[in-house]
There are 2 protein chains.
Amino acid sequence: MGQARAPRADAVRNRKKILSAAGGQIAAHGPDVGMEEIAAAAGVAVGTLYRHFPTKTDLVAAVVGAHVSRVADDAEAAVGRVAAGARAADELTAFLGRVIELSVTDRAVKAAAQSLGAEPGDRADEDRAGRAVTALISAGRQDGDIHPDITVNDIYLIFSTAPIDQPEPARARWLTLVIPGLTTRARQEGD
Amino acid sequence: MGQARAPRADAVRNRKKILSAAGGQIAAHGPDVGMEEIAAAAGVAVGTLYRHFPTKTDLVAAVVGAHVSRVADDAEAAVGRVAAGARAADELTAFLGRVIELSVTDRAVKAAAQSLGAEPGDRADEDRAGRAVTALISAGRQDGDIHPDITVNDIYLIFSTAPIDQPEPARARWLTLVIPGLTTRARQEGD
DNA sequence: CATAAAGATGAATGCTGATTCAGGATAGAT
DNA sequence: ATCTATCCTGAATCAGCATTCATCTTTATG
């Protein structure tokens, strides 16, 4: 196969602007924003969107992918902290809280993800996140803090239900209500 | 105000057919089914839908309302059972499970409800359900089974996050993970 | 610079789906 | 049986949106 010609500088620039604008628009108005609006936000014409992403689904997938990548980074950082002595259960809880906030910022990323069904996506990032969370779980289990039968899938399950549409007091409360199911301890009065 | 003329018999009949068909279609294909499809399922022309419900939103709202009414009935039945000696915490848990299944059957009712924002709806049924759940909670608290700071809102919050799109093993698992946050006991090995 | 290839533009197209409304059918009162 | 207020029908209208494409620009190569 012949070496693919290097992309032009402006094309690279535009691709970034589009990705960023799409992220912003989807965050602000949900995955149903029009392509025209995304294009406008990116300071580009619709046609350009299509040059970079053959279809709207592809664009949304790219945005979701970026989000997944960010989550993976966060999870790996948490693992690093545990290696450095932090308590795994605490890191996991904090991670959950952060991911929720991230998802709120990137509002509707969840909806967007769902609107894609089980599309490909950069499987690599998903795996990266999965491995990190698994590490967190087994470390927590070792400490006796995390319920022995909890798996990554449970974490995914819980996450996929986070109330990102709810206003803030609710999201924190939700986390409080959900954590006991993952740990070995019942909720205390002070929670 | 003059007494409103009684509606014609066929109009009453059609309204029922429409409501039922709309429920079925929404359950089967989500709240995005076309009005034409609902009309077809009801054996009626589109125009008729509009005679009964000025807008699609109104129709969906009516369907959601019916669902809420059913949930309220279920909750009241649970309260009755508690009065007859059943353990409140168990009834509450079972109720949660049933509502999830109900929501799965009436699939996308949740999505439909969300697509309405905080629309009016038959406030009466909502209150009815609220009162029943409150009764269940305080009874459970009395028994010392339900965490003292749990409120109806917590129940709503949890519910609004039920993973009704997930296939069955997941829904049951979710319930298992979520219950400990409501009760005073940590999860046991056998859960 | 001159030129070709790559990229950008945005009006036009096509589709989907809600909503309307002029005309035809019915229920039910007299 | 007649009559009219209700109710129904469904083709037509309208609007929103993704996607296309003929045409114009810009980049980068020699």
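**View 1. Contacts of chain A with the phosphates of DNA strand D.** In this predicted model, a polar side-chain atom of A:Tyr50 lies 3.2 Å from a phosphate oxygen of DNA strand D, a polar contact being a pair of N or O atoms within 3.5 Å. Backbone atoms also take part: a polar backbone atom of A:Met35 is 2.8 Å from a phosphate oxygen of the strand, and a backbone N or O atom of A:Ala9 lies 3.1 Å from one.

**View 2. The protein surface near DNA strand D.** The strand is surrounded by 24 residues, each with a heavy atom within 4 Å of it. The closest are A:Tyr50, A:Lys56, B:Arg8, B:Asn14 and B:Thr48. Of the atoms of DNA strand D within 4 Å of the protein, sugar and phosphate account for 64%. H3(B) gives the most to this surface, with 5 residues; helices are DSSP runs (H or I) of at least four residues, numbered from the N terminus.

**View 3. Contacts of chain B with DNA strand C.** A polar side-chain atom of B:Arg8 lies 2.7 Å from a base oxygen of DNA strand C. Phosphate oxygens of this strand are 2.6 Å from a side-chain N or O atom of B:Lys56 and 3.0 Å from one of B:Thr55.

**View 4. The protein surface near DNA strand C.** The 22 surrounding residues include A:Arg8, A:Asn14 and A:Thr48, which are among the closest. H3(A) supplies the largest share, 5 residues.

**Notes.** Residues are numbered from 1 along each chain as its sequence is written, and chains are lettered from A in the order in which they are written. Local features need pLDDT of at least 70 and side-chain atom pairs pLDDT 80 or more, whereas totals for chains, interfaces and linings use all residues; side-chain values use heavy atoms, without hydrogens and water.

Terms used: A polar contact is a pair of N or O atoms within 3.5 Å; within protein, one must be able to donate a hydrogen and the other to accept it, and residues adjacent in sequence count only if both atoms are side-chain atoms. Helices (H or I, at least four residues) and strands (E, at least two) are DSSP runs, numbered from the N terminus.
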